[in-house]
Amino acid sequence: MITPLAFDRGSVILAGFGFHGIARLKPGKTIADADADLARLLPVWMDSWSNGPGNNPHIYETWKITPIIRPLKQEVIGNIGELLWVVMGTIGVVMLIACANVTNLLLVRVEARQQELAVRAALGAGWARIVRGILVESVMLGLMGGVVGLALAYSGVRLLVAMSPTNLPRLSEVS
């Protein structure tokens, strides 16, 4: 059973600043407008409640209490943007390490093909032609790896959406 929270003005003192609420803004209104409206209502609220006999209810103005309205998204997930930048930076470093490893593998492969390249040079192929052949081979390997990676990522996302686990929020927006 749900019962509304009701206050008895004679027995409750003013120090009830720990209440949170969820509200929807009118169309065309901003958070700054709502903050200004609540700041205007704060003295009215202080006048409406007692702070005990013989006490000034406006004593809390020295505390500089102001309303703080935040979007619900920020309240629920917080400031996750900074964490995502750290994750993206870490992924970037890992990708650079992977690229360096692939480059080393290609250099070892060229070193192993040194005899073949020496024969091509002896038969009259210029260095530009040899470098162009190695570059075309490397680009083709990179393009094929990229296509395979994109296909795996696409099929992985499709599989994730098809399984539709219940603990993933906003899964319907995955595309």
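A residue counts as buried when its relative accessible area is under 20%, as exposed when that area is over 50%, and as partly exposed in between. Keep these cut-offs in mind while moving through this predicted model, because Arg113, with a relative accessible area of 18%, is buried by that rule.

**Stop one: Arg113 and Glu137.** Select Arg113 together with Glu137, and display the salt bridge between them, in which the closest N and O atoms are 2.9 Å apart. Arg113 sits in the loop between helix 3 and helix 4 (114–122), whereas Glu137 belongs to helix 5, so the pair ties together parts that are 24 residues apart in sequence. Glu137 has a relative accessible area of 26% and is therefore partly exposed, whereas Arg113 is buried.

**Stop two: Arg109.** Keep Glu137 selected and add Arg109, whose side chain meets that of Glu137 in a salt bridge with an N to O distance of 2.9 Å. This pair links distant parts of the chain, with Arg109 in helix 3 (residues 80–112) and Glu137 in helix 5 (residues 127–163), 28 residues apart. Colouring by accessibility would place Arg109 in the partly exposed class, because its relative accessibility is 38%.

**Stop three: helix 4.** Next select Glu116 and Arg120, which both lie in helix 4, 4 residues apart, or about one turn of the helix. Their side chains form a salt bridge, and the closest N and O atoms are 3.0 Å apart. Arg120 is partly exposed, with a relative accessible area of 40%, and Glu116 is likewise partly exposed, at 32%.

**Stop four: the network.** Now show Arg109, Arg113, Glu116, Arg120 and Glu137 together, since these residues are linked in a network of salt bridges. How many salt bridges does the count come to? The count comes to 4, and among them are the pairs Arg109 with Glu137, Arg113 with Glu137 and Arg120 with Glu116.

**Stop five: Thr66.** Finally, leave the network and select Thr66, which lies in the loop between helix 1 (31–48) and helix 2 (72–77). Is Thr66 buried or exposed? Its relative accessibility is 55%, so Thr66 counts as exposed. To place Thr66 against another part of the chain, draw a distance to Arg40: the two C-alpha atoms are separated by 9.9 Å, while the residues are 26 apart along the chain.

Technical notes
Residues numbered from 1 in each chain as written. Predicted model: local features only at pLDDT ≥ 70, side-chain atom pairs only at ≥ 80, totals over all residues. Heavy atoms only, no water. Helix = DSSP H or I, 4+ residues; strand = E, 2+ residues; numbered from the N terminus. Buried < 20%, exposed > 50% of the residue type's maximum accessible area, 1.4 Å probe, protein only.
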